[in-house]
Amino acid sequence: VSFEGGDACPEITPLPSTSPTVVTCSGDEIDVQLKVTLGNAFAYWVVINDKSDFPYQAGYEMSRNEEHTFHFCLPCDSYSFVLFSQSKGDSQYSLSISDQEASAGNANLFIGNGQDGQPTYFGIAEFTDNKCPTKHPTVSPAPSTPMPTSERCDDEEITFELDLSTDLFAPETSWQLDDILDGSTVSYGPEQYNTFMPLTEYYSRLCLPCGLYEFTMKDAYGDGLPNGSYTLTINSEIVKANYDTPFSSQITTIDGGSTCGEFTCPDGGMMINLSVVTGASFTTWAFLTDSTPIDPVKIGSTSDGTMEENGNYSFSYCLPCHSYSFVITTNEQEASSYTISVNEGTMTSGTTDTFGGVDIYGEVFYVGSVEIEASDCPTPSPSLSSSPSISSAPTPSPCNEGEVSFILALLTDIFSSETSWDVFDIVVGSEVLSGPDLGSSYLSNSFTYIHECLPCGAYEFTMRDSYGDGLDNGGSFNVTVDGEIALSSINQVFSTETVSFEGGDACPEITPLPSTSPTVVTCSGDEIDVQLKVTLGNAFAYWVVINDKSDFPYQAGYEMSRNEEHTFHFCLPCDSYSFVLFSQSKGDSQYSLSISDQEASAGNANLFIGNGQDGQPTYFGIAEFTDNKCPTKHPTVSPAPSTPMPTSERCDDEEITFELDLSTDLFAPETSWQLDDILDGSTVSYGPEQYNTFMPLTEYYSRLCLPCGLYEFTMKDAYGDGLPNGSYTLTINSEIVKANYDTPFSSQITTIDGGSTCGEFTCPDGGMMINLSVVTGASFTTWAFLTDSTPIDPVKIGSTSDGTMEENGNYSFSYCLPCHSYSFVITTNEQEASSYTISVNEGTMTSGTTDTFGGVDIYGEVFYVGSVEIEASDCPTPSPSLSSSPSISSAPTPSPCNEGEVSFILALLTDIFSSETSWDVFDIVVGSEVLSGPDLGSSYLSNSFTYIHECLPCGAYEFTMRDSYGDGLDNGGSFNVTVDGEIALSSINQVFSTETVSFEGGD
């Protein structure tokens, strides 16, 4: 969809491919004659007012390989003509003003790829008329002229001035000024939630207290300001200027110089002065303490914008009083040099003269280093965290007895999207921690600190770099387990770095048995005598013995040779246990288990549980065992209905008794549940507790007394295979309403209304009680309640794909909806495969089936629909507005836009394949993207609602909704786009690859 305008925006009328050759302009207008010759490639042009940055004329629809002429009048002002083309030099232009040739050229300057992935080139010409005053800002800013005395900063202040001239891709540009001492951001540009305008000059001036500051200029694309520039002036002296050098970020340290006099660090900190001369080689440096970068601010590189090759740079930092190592690395011996001093003391100099190793490109690298002693501190050395001059990692909270303290400190390099990590539970065979979040990536040169308390167990940590060069471009990480560094890597090359760890101070020690343990072991009278035989085939395999009460692994066998038989003999404390054999090949490995010389179990690893962390399939075999002399403590895996509760524990007569029996499977971290109040949208209860996970092969029981009302219970499995080795039972008022033992699911939803306990139920605030029954057939089925062709809320969606229903089932739903008119729509892949019955406020029931032909999807299958209209006249009271009832969490009321802006609203409900969905808003005039979703590197959640409201400057825009698979939102999703209060584009449950609409202006 394309859009333009706003209430006070001038109207844009694209000229026809050839406009009239004779136009009469008034005396205060500019007479413009334009000739554009297209080649084989698509091209278009715009004329932009330099003062308002608004496009006054545009030519989009021009035939290729033809000459096009245009004649038009413009208000007296200064303008820029821009010709865009998908082929370099393919299109030509000739521009005349008042019959005098003003400019001629072609589109030969590359500015990036357009939204369709094609390269885009441009040519630009600035023009006005001699009778018009020039209003275009200076593109290359000159140094600022002296300020009047009344505007000058105080003598003990730093005068900060920034002159910025943006290029055509101004939304890529931003800047930030940080206080190095306290870590705060002093100022930034553009303003929050805004972007700079193209080809515009911005001037910023600040009076800063004497101190240490860091200024960063950023370009998101990485090409700097090819058609712009910036100049940074401190105390009337230019300290940094960039006109045409590409960059992603450029960092400048500001200390005030002579204005501020001699500077000392607060709280006894150390003043570090560093000078670096770079050669024609990659260079990076870092300050380290205890082999760990103390803070990502203390990193410099020719890759992150801190420095460039063949340059001379100076840096000043206040660091806490401590001992440090300064390390500098280059790809050529002695390519770079450094000079460093502490508290204005003796200077130490050196070069990158020491051989460091060979990277994956086959190139050697060299290092230089110097030690900074704490004895250089002006006062006795405080602890590292005592000084406020650095934002150090937080002090970790102690873990409880029987937990493992895991800490990861990660500093990414410039190629942060290549970095990921995980912690794998060796016993359970599943991932328990990982980063970054699914579908996202870390920021370049950013610091991440993770502290988790893990249950006693055996774990494996893996750091990965997808490219294979590790963190050798200015990054590092270290892993600390129970206060001891277990793994550390600084600026090194790797594909994976792995370390295994166990236990904690109060955890039982796990000693993996050798591949064949002694055949004779003497167990005491209160121990279990275990004899185990494991025969491996061609595949990797390992085994563990888990205590069923604590879920802690007491014995394990990892290092076993393939195609051999291995025997183990060991003693366990008297209790109940589970033996689990894991293998990468189904049935490939066998086991035989004997207890006190009596055979207890035999079998193989033949049950599939998913892919392991290396992507290989994983199979398992399991045997539970104890000794007759030991009491059985293992929980019941298949929960029985709850026994009657004592009278003292029962809920009140007017309350709903909610009981959940959950037995987790081996992959318990995938399992969660939630209970929501449908009326007010709040979450009443959930499991597991926040930041925790369920334990494998464990039973959990939850009981609640709920006020009479309407509730929705959701059981979720993140992997989507349900509870293959577990189960759950939901009991309401002593009646089982939902049970699942072996049916796969991602989520299963159950509506709870209290039944006879609560009596007849009426919706609050005059809302409408909707009772819906759906009988599904052997076909995909989805339904939704709509108002004005828009789903009113994602809660009011049901599908055989989202867990609300399953095929060949009978389901009932109850909802309180605001008093309004609705459309109920149900869709299946087979005619009359599903049926429905619906009633409003206990009134007449309306029934139907999916009997109407709806269309053909991308799989070549037809789909059928059924629908019924629900009138507002069915309301028990006069119809209020849609937002008057608190019984639904509707989209927020948009704030009005200012005059001269366009109100853009997107309401998106994703389907079950949400990772396929994306959208953007493209500024046709500037040729760049102004809005998009989801965030870079992430994806939307399935069956989730997203509401976007933005006020856009007057202009011409194009909105595009995309589905990467090509089936659109036909699995229970929808979207609509509203521009200035009018729906511009809407799609409900439809098939598409892209849906597009253009729009302009406003009233």
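This report covers salt bridges, aromatic pairs, two antiparallel sheets and two serine residues in a predicted model.

**Salt bridges**

Two salt bridges are present in the structure. In one of them, the side chains of Arg464 and Asp422 meet at 2.3 Å, N to O. Arg464 belongs to strand S33 and Asp422 to strand S30 (residues 419-425), so this pair ties together parts that are 42 residues apart in sequence. Arg464 is partly exposed because its relative accessible area is 23%, a value between the limits of 20% for buried and 50% for exposed. Asp422 is buried, with a relative accessible area of 5%.

A salt bridge also joins the side chains of Arg962 and Asp920, at 2.3 Å from N to O. Here Arg962 sits in strand S68 (residues 956-963) and Asp920 in strand S65 (residues 917-923), so the parts tied together are 42 residues apart in sequence. Arg962 is partly exposed, with a relative accessible area of 23%, and Asp920 counts as buried at 6% relative accessibility.

The residues of these salt bridges are listed below.

| Residue | Strand | Relative accessible area |
|---|---|---|
| Arg464 | S33 | 23%, partly exposed |
| Asp422 | S30 | 5%, buried |
| Arg962 | S68 | 23%, partly exposed |
| Asp920 | S65 | 6%, buried |

**The sheet with S30 and S33**

Strands S30 and S33 also belong to an open sheet of four strands, ordered S31-S30-S33-S36, with antiparallel pairing. Its edge strands are S31 (430-435) and S36 (496-502), each of which pairs on one side only. On average, neighbouring strands of this sheet are turned by 20° against each other, direction ignored.

Strand S33 (residues 458-465) pairs with S36 in the antiparallel sense over seven bridges. Within this pairing, Tyr459 stands opposite Phe501 in S36. Tyr459 and Phe501 also appear in an aromatic cluster, in which ring pairs link them with Phe406, Trp421, Phe461, Phe477 and Phe494.

**Aromatic pairs**

Over the whole structure, a search finds 42 aromatic pairs. Trp45 and Phe70 form an edge-to-face pair, with 5.0 Å between the centres and 65° between the planes. Trp45 is in strand S3 (residues 43-49) and Phe70 in strand S5 (residues 67-75), so the pair ties together parts that are 25 residues apart in sequence. Both Trp45 and Phe70 are buried.

The rings of Phe160 and Phe215 make a tilted pair, because their planes stand at 55° with the centres 5.9 Å apart. Phe160 lies in strand S11 (residues 157-165) and Phe215 in strand S15 (residues 213-219), so the parts joined by this pair are 55 residues apart in sequence. Phe160 is buried, with a relative accessible area of 0%, and Phe215 is likewise buried, at 0%.

**The sheet with S54 and S58**

A further open sheet has four strands in the order S58-S54-S60-S61, and the pairing is antiparallel. Strand S58 (810-817) and strand S61 (846-849) stand at the edges with a single partner strand each, so one side of each has no neighbour in the sheet. Neighbouring strands of this sheet are turned by 15° against each other on average, direction ignored.

Strand S54 (residues 768-775) is joined to S58 by eight bridges, and these strands run antiparallel. The bridge partner of Ser773 in S58 is Ser812.

**Two buried serines**

Ser583 is located in strand S41 (residues 577-583). With a relative accessibility of 2%, Ser583 counts as buried. The side chain of Ser583 reaches the backbone oxygen of Ser585 at 3.1 Å. Apart from neighbours within four places in sequence, Ser583 is in contact with Ala539, Phe540, Ala541, Asp588, Ser589, Ala605, Pro617, Thr618 and Tyr619.

Ser928 is part of strand S66 (residues 928-933). Ser928 also counts as buried, at 9% relative accessibility. Not counting residues up to four places away in sequence, Ser928 touches Phe169, Pro171, Phe922 and Asp923. From C-alpha to C-alpha, Ser928 and Phe169 are 6.8 Å apart in space, although they are 759 residues apart in sequence.

Conventions: Residues numbered from 1 in each chain as written. Predicted model: local features only at pLDDT ≥ 70, side-chain atom pairs only at ≥ 80, totals over all residues. Heavy atoms only, no water. Buried < 20%, exposed > 50% of the residue type's maximum accessible area, 1.4 Å probe, protein only. Contact = heavy atoms within 4.5 Å. Phe/Tyr/Trp six-rings, centres within 6.5 Å; stacked < 30°, edge-to-face > 60°. Pairing = 2+ DSSP bridges. Axes fitted to C-alpha atoms, helices over the stretch in contact; angles between N-to-C directions. Polar contact = N/O pair within 3.5 Å; in protein donor to acceptor, adjacent residues only side chain to side chain. Salt bridge = Lys/Arg side-chain N within 4 Å of Asp/Glu carboxyl O.
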